[in-house]
Amino acid sequence: MPSSAWTSVLTLDPERDYVAMATRFEVRSRRHLVAIIGSTQELWQALPTTVGLAGYQFAVSPLQGTLSTLTAWRDRSTLEMFVRGPLHAALVTGTRDLMKASSFADWVSPGAHLPPTWKTANERLDAK
(Lines give C-alpha, C1' and ligand atoms only; values in the text may rest on other atoms or scores of the structure.)
Protein backbone atom coordinates (compact mmCIF):
# COMPACT_ATOMS: atom_id res chain seq x y z
CA MET A 1 0.00 0.00 0.00
CA PRO A 2 1.73 3.23 -1.09
CA SER A 3 1.79 5.55 1.87
CA SER A 4 3.02 9.01 2.66
CA ALA A 5 5.38 9.53 5.55
CA TRP A 6 3.93 10.79 8.82
CA THR A 7 3.99 14.59 8.84
CA SER A 8 4.12 16.20 12.27
CA VAL A 9 2.45 19.58 12.64
CA LEU A 10 2.60 20.14 16.41
CA THR A 11 5.36 19.32 18.85
CA LEU A 12 3.85 16.48 20.85
CA ASP A 13 3.77 16.42 24.63
CA PRO A 14 4.37 12.75 25.58
CA GLU A 15 2.26 13.21 28.74
CA ARG A 16 -0.75 14.75 26.99
CA ASP A 17 -3.67 12.88 25.41
CA TYR A 18 -4.51 13.42 21.74
CA VAL A 19 -7.32 12.12 19.55
CA ALA A 20 -6.20 9.76 16.79
CA MET A 21 -8.46 9.12 13.80
CA ALA A 22 -8.28 6.52 11.06
CA THR A 23 -10.43 6.48 7.95
CA ARG A 24 -10.79 4.04 5.07
CA PHE A 25 -12.72 4.84 1.90
CA GLU A 26 -13.55 2.18 -0.67
CA VAL A 27 -14.30 3.52 -4.13
CA ARG A 28 -17.08 2.20 -6.35
CA SER A 29 -14.55 1.67 -9.13
CA ARG A 30 -10.76 1.72 -9.06
CA ARG A 31 -10.86 3.99 -12.10
CA HIS A 32 -12.12 6.75 -9.76
CA LEU A 33 -9.00 6.68 -7.57
CA VAL A 34 -7.01 9.21 -9.60
CA ALA A 35 -9.92 11.68 -9.69
CA ILE A 36 -10.53 11.33 -5.96
CA ILE A 37 -6.85 11.75 -5.13
CA GLY A 38 -6.79 14.86 -7.34
CA SER A 39 -9.80 16.29 -5.55
CA THR A 40 -8.07 15.93 -2.17
CA GLN A 41 -5.05 18.06 -3.09
CA GLU A 42 -6.43 21.37 -1.81
CA LEU A 43 -7.32 19.79 1.51
CA TRP A 44 -3.91 18.09 1.89
CA GLN A 45 -2.12 21.34 1.09
CA ALA A 46 -4.10 23.13 3.80
CA LEU A 47 -3.43 20.52 6.50
CA PRO A 48 -0.15 21.96 7.83
CA THR A 49 -1.99 25.11 8.91
CA THR A 50 -5.10 23.36 10.27
CA VAL A 51 -5.82 24.38 13.86
CA GLY A 52 -5.29 21.54 16.31
CA LEU A 53 -3.84 19.02 13.86
CA ALA A 54 -0.88 17.21 15.42
CA GLY A 55 0.06 15.12 12.39
CA TYR A 56 -1.18 13.17 9.40
CA GLN A 57 -0.50 10.43 6.88
CA PHE A 58 -2.36 8.86 3.98
CA ALA A 59 -2.25 5.60 2.07
CA VAL A 60 -3.68 4.36 -1.22
CA SER A 61 -4.25 0.73 -2.16
CA PRO A 62 -5.01 0.67 -5.90
CA LEU A 63 -5.64 -3.08 -6.00
CA GLN A 64 -8.20 -2.88 -3.21
CA GLY A 65 -9.59 0.44 -4.38
CA THR A 66 -9.13 2.11 -1.00
CA LEU A 67 -7.83 5.39 0.34
CA SER A 68 -6.95 5.70 4.01
CA THR A 69 -6.00 8.53 6.34
CA LEU A 70 -4.39 8.57 9.73
CA THR A 71 -4.45 11.78 11.77
CA ALA A 72 -3.85 12.95 15.32
CA TRP A 73 -5.54 15.99 16.85
CA ARG A 74 -4.95 18.18 19.89
CA ASP A 75 -8.48 17.37 21.06
CA ARG A 76 -11.90 16.26 19.86
CA SER A 77 -13.16 19.82 19.33
CA THR A 78 -10.42 20.64 16.79
CA LEU A 79 -11.10 17.35 14.97
CA GLU A 80 -14.80 18.19 14.79
CA MET A 81 -14.05 21.75 13.65
CA PHE A 82 -12.00 20.35 10.76
CA VAL A 83 -14.67 17.80 9.80
CA ARG A 84 -17.32 20.54 9.71
CA GLY A 85 -15.04 23.00 7.88
CA PRO A 86 -15.60 24.14 4.30
CA LEU A 87 -12.69 22.28 2.66
CA HIS A 88 -13.63 18.95 4.19
CA ALA A 89 -17.34 19.47 3.54
CA ALA A 90 -16.69 20.29 -0.12
CA LEU A 91 -14.52 17.19 -0.53
CA VAL A 92 -17.17 14.95 1.04
CA THR A 93 -19.91 16.41 -1.13
CA GLY A 94 -17.82 16.20 -4.29
CA THR A 95 -16.74 12.58 -3.84
CA ARG A 96 -19.67 10.95 -2.03
CA ASP A 97 -21.14 9.40 -5.21
CA LEU A 98 -17.78 7.78 -6.03
CA MET A 99 -17.55 5.95 -2.69
CA LYS A 100 -18.77 2.44 -2.03
CA ALA A 101 -18.05 2.30 1.70
CA SER A 102 -16.44 4.37 4.44
CA SER A 103 -15.04 3.31 7.81
CA PHE A 104 -14.00 5.55 10.68
CA ALA A 105 -12.32 4.89 14.02
CA ASP A 106 -11.06 7.31 16.64
CA TRP A 107 -9.37 6.82 19.98
CA VAL A 108 -7.49 8.71 22.64
CA SER A 109 -3.74 8.23 22.57
CA PRO A 110 -0.97 9.67 24.75
CA GLY A 111 1.57 11.74 22.86
CA ALA A 112 4.21 9.14 23.75
CA HIS A 113 2.35 6.64 21.53
CA LEU A 114 2.13 8.89 18.49
CA PRO A 115 2.29 8.74 15.60
CA PRO A 116 -0.24 5.92 15.39
CA THR A 117 0.64 2.94 13.22
CA TRP A 118 -1.25 1.59 10.23
CA LYS A 119 -1.43 -1.75 12.04
CA THR A 120 -3.30 -0.15 14.95
CA ALA A 121 -5.47 1.90 12.59
CA ASN A 122 -6.44 -1.10 10.47
CA GLU A 123 -7.21 -3.22 13.54
CA ARG A 124 -9.53 -0.50 14.84
CA LEU A 125 -11.17 0.02 11.44
CA ASP A 126 -11.68 -3.73 10.95
CA ALA A 127 -13.25 -4.03 14.42
CA LYS A 128 -16.02 -1.57 13.49
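This is a short tour of the structure, one selection at a time.

**Whole chain**

Start with everything shown as a cartoon. The model is predicted. Five helices and five strands make up the secondary structure. Trace the chain from the N terminus and the elements come in the order β-β-α-α-β-β-α-α-β-α. The radius of gyration is 14 Å, close to the 14 Å that the globule rule gives for 128 residues, so the chain is as compact as a globular protein of that length. Along the principal axes, the C-alpha atoms fill a box of roughly 45 × 30 × 25 Å. Of the 128 residues, 41% count as buried. Among contacts with a separation of 6 or more, 78% are between residues 24 or more positions apart.

**The sheet**

Now select the strands. In what order do the five strands lie in the sheet? The order is β1-β3-β4-β2-β5, in an open sheet with antiparallel pairing. Strands of a sheet pair through backbone hydrogen bonds. Colour residues 7–8 and 99–110 next. These are β1 and β5, the edge strands, and each pairs on one side only.

Zoom in on β1. Two bridges join β1 to β3, residues 53–61, and the two strands run antiparallel. Pick Thr7: Tyr56 of β3 stands opposite. Then pick Ser8, which faces Gly55 in β3.

Stay on β3. How many of its nine residues are buried? Eight are, and β3 is mostly covered. On to β4: eight bridges join β3 to β4, again antiparallel. Show Gln57 and Leu70 to see one opposing pair, with Leu70 in β4. Follow the hairpin of β3 and β4 through its turn. Four residues lie between the strands, and Gly65 takes a positive phi near 70° there.

**The nonpolar cores**

Switch to side chains. The largest nonpolar core has 14 residues. Select Ala22, Leu70, Ala72, Trp107, Trp118 and Ala121, the members with the most contacts inside this core. Which elements give two or more residues to it? They are β2 (17–27), β3, β4 (66–73), β5 and α5 (118–127). Another core, of eleven residues, lies apart from this one. To find that second core, select Met21, Tyr56, Leu79 and Leu91, which are among its members. Tyr56 is also the residue opposite Thr7.

Return to Ala22 and show its surroundings. Leave aside the neighbours within four places in sequence. Ala22 is then in contact with Thr69, Leu70, Ser103, Phe104, Ala105, Trp107, Ala121 and Leu125.

**Salt bridges**

Next, show the charged side chains. The count comes to six salt bridges. Three are worth a stop.

- Asp126 and Arg24: their side chains meet in a salt bridge at 3.1 Å, N to O. Asp126 lies in helix α5 and Arg24 in strand β2, so the pair ties together parts that are 102 residues apart in sequence. Asp126 counts as exposed, at 54% relative accessibility.
- Asp106 and Arg76: here the N to O distance is 3.0 Å. Asp106 lies in strand β5 and Arg76 in helix α3 (residues 76–83), so this pair ties together parts that are 30 residues apart in sequence. Asp106 counts as partly exposed, at 35% relative accessibility. Arg76 is partly exposed too, also at 35%.
- Asp75 and Arg74: the closest N and O atoms of this salt bridge are 3.7 Å apart. Asp75 is partly exposed at 25% relative accessibility. Arg74 is partly exposed, with a relative accessible area of 30%.

**A loop between two helices**

Last stop: select Thr40. This residue lies in the loop between α1 (33–39) and α2 (41–46). Is Thr40 buried or exposed? At 12% relative accessibility, Thr40 counts as buried. Now show the backbone of Ile37. Its oxygen lies 2.6 Å from a polar atom of the Thr40 side chain.

Definitions and conventions
Residues numbered from 1 in each chain as written. Predicted model: local features only at pLDDT ≥ 70, side-chain atom pairs only at ≥ 80, totals over all residues. Heavy atoms only, no water. Pairing = 2+ DSSP bridges. Core = buried A, V, L, I, M, F, W, Y, C linked by side-chain atoms within 4.5 Å. Buried < 20%, exposed > 50% of the residue type's maximum accessible area, 1.4 Å probe, protein only. Contact = heavy atoms within 4.5 Å. Salt bridge = Lys/Arg side-chain N within 4 Å of Asp/Glu carboxyl O. Polar contact = N/O pair within 3.5 Å; in protein donor to acceptor, adjacent residues only side chain to side chain. Rg over C-alpha atoms; globule rule 2.2 N^0.38 Å.
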